Amino acid sequence: MNAQAPVQIIDGKAAAARVLAEVSAEVQAMKARGVAPALAVILVGQDPASQVYVRNKVLRAEECGIRSLEFRRPAETDEAELLDLIHNLNADPDVHGILVQLPLPDHIDEARVLQAVSPLKDVDGFHAENVGGLSQGREVLTPCTPAGCLRLLQDSCGDLAGKHAVVIGRSNIVGKPMAALLLKAHCSVTVVHSRSANLKDLCRQADIVVAAVGRPRLVDADWLKPGAVVIDVGINRIDEGGRSRLVGDVDFDSAIARAAAITPVPGGVGPMTIAFLMKNTLAAARLQHSDLPATVQHPEAPCLSIS
Ligand SMILES: Nc1nc(=O)c2c([nH]1)NC[C@@H]1CN(c3ccc(C(=O)N[C@@H](CCC(=O)O)C(=O)O)cc3)C=[N+]21
């Protein structure tokens, strides 16, 4: 049997710090030309996890010089009120990005709310116009988590052309846009999900596995081809021995025996998601100020996160 090369643990925090440094430099350049990028974050209700995420987003924004505005609304807020707030932010020339934290309370129609955000300010990339643009391979505002995963894969594997990527999960937030980005990067893409027959056999054929199903430690070494690169999007809070801890959709301790490279949870995809939110806010500010001289754009950092 061949000895297996040691596994590379992909450091999402370090990768995110590099992205944030790029963003900070560009924010300064943009400010020097009179535009101060600003992100509005809307949080409806008291979900504790959402509060932590929103707090982190606001902190990261401040760190890279992006102005952040937080709008907290009670869980009972009705849809019309929320739509009203979004319309006001759409019309505000000093606000460049709008993020509506998900999930929303059950009485609010999530699709209608996401569709109300101006596509030019849609830093989540969830508006149908951006979803459609991504599927056509255009450079549009792109969902932050898959954009972050793609960057981690490019850093780790270089050229992705011709590789077989298996995406586990078909959500609008991760699975579907991830598949579109991998296709754009010239991978062969298989999307599998909870109803797939032979889930494990399909996964075993993958050069690249992106797990985004929300099932704690579903994927173990037995699911992997030796040398596979594994991106774990899952963030599952589980109780273990009376203590709460975060685990991914991948059984990390098992998978490291087969994978060539793997992201940990925490410290993998999560920090990259937030870094790409900042990148998208900058891209959104540029979309709204197409009059800015091109020198604002960093030559090696293309305008939008998918490129
Ligand atoms: N409109 C909208 N856009 C989102 O992008 C969005 C959302 N709603 N709702 C919730 C999910 C979740 N999400 C995370 C972002 C960062 C971490 C993150 O940085 N996690 C740290 C650990 C955090 C911890 O310890 O809890 C890590 O993985 O290292 C996690 C989760 C963005 N989301």
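**Buried positions, domains and ligand shell**

Ile235 counts as buried, because 20 C-beta neighbours lie inside 10 Å and 20 or more are required for that class. The model in which this position was examined is predicted. Ile235 is placed in the loop between strand S8 (229-232) and strand S9 (236-240). When residues up to four places away in sequence are not counted, Ile235 touches Leu246, Val265 and Gly270. Ile235 is also one of the positions covered by the UniProt annotation "binding site", which comes from an unreviewed entry; Gly169, Arg170 and Ser171 are covered as well.

Arg170, another position of that annotation, occupies the loop between strand S5 (164-168) and helix H7 (175-184). Arg170 is partly exposed, because 18 other C-beta atoms are found within 10 Å, whereas the buried class begins at 20. With residues up to four places away in sequence left out, the contacts of Arg170 are Gly175, Lys176, Val191 and His193.

At the level of the fold, ten helices and eleven strands make up the secondary structure of the protein chain. The radius of gyration is 19 Å, close to the 19 Å given by the globule rule for 307 residues, so the protein chain is as compact as a globular protein of that length. Along the principal axes, the C-alpha atoms fill a box of roughly 65 × 45 × 35 Å. Buried residues account for 46% of the 307 residues. Of the contacts between residues at least 6 apart in sequence, 70% join residues at least 24 apart.

Two domains are distinguished in the protein chain, domain 1 (33-118) and domain 2 (143-270). Their centres, taken over C-alpha atoms, are separated by 28 Å. Both domains take part in the shell around the ligand, with at least three residues drawn from each.

The shell itself was then examined by residue and by element. There are 18 residues around the ligand, and Leu102, Pro266, Gly267, Gly270 and Thr273 come nearest. In composition, twelve residues of the shell are nonpolar, five are polar and one is charged. Helix H2 (48-63), strand S4 (97-100) and helix H10 (269-288) each contribute at least two residues to the shell. The largest share, four residues, is supplied by H10. Gly270, one of the residues that come nearest to the ligand, is also among the contacts of the buried Ile235.

Helix H2, which contributes to the shell, also contains Ala61. Ala61 is buried, because 26 other C-beta atoms lie within 10 Å and the threshold is 20. Leaving aside neighbours within four places in sequence, Ala61 is in contact with Leu39, Ile66, Ser68 and Met278. The C-alpha atoms of Ala61 and Arg195 are 39 Å apart, and 134 residues separate the two along the chain.

Several positions show backbone geometry that merits separate description. Most peptide bonds are trans, and most residues other than glycine have a negative phi. The peptide bond from Leu102 to Pro103 is cis, with omega near 0°. Pro103 is found in the loop between S4 and helix H4 (110-116). A further cis peptide bond joins Val265 and Pro266, where omega is about -5°. Pro266 lies in the loop between strand S11 (261-262) and H10. Both cis bonds involve a residue of the group nearest to the ligand, namely Leu102 and Pro266 respectively. Val265, which precedes Pro266 in the second of these bonds, is also touched by Ile235.

Positive phi values were found at Asn198 and Arg217. For Asn198, phi is near 60°. This residue belongs to the loop between strand S6 (188-192) and helix H8 (199-203), and Asn198 is exposed, because 9 other C-beta atoms lie within 10 Å and the exposed class extends to 12 or fewer. For Arg217, phi is about 55°. The loop between strand S7 (208-211) and S8 holds Arg217, which counts as partly exposed, because 19 C-beta neighbours are found inside 10 Å and that class lies between the exposed limit of 12 and the buried limit of 20.

Technical notes:
Residues are numbered from 1 along each chain as its sequence is written. This is a predicted model: local features need pLDDT of at least 70, side-chain atom pairs count only at pLDDT 80 or more; totals for chains, interfaces and linings use all residues. The radius of gyration is taken over C-alpha atoms; the globule rule is 2.2 Å times the number of residues to the power 0.38. Two residues are in contact if their C-beta atoms, placed from the backbone, lie within 7 Å. A residue is near a molecule or strand if its C-beta atom, placed from the backbone, lies within 6 Å of it. Ala, Val, Leu, Ile, Met, Phe, Trp, Tyr, Cys and Pro count as nonpolar, Asp, Glu, Lys and Arg as charged, and the others, Gly among them, as polar. Domain bounds come from an automatic or database domain assignment. UniProt positions are given in the numbering used here, feature names are shortened, and annotations may be inferred rather than shown by experiment.
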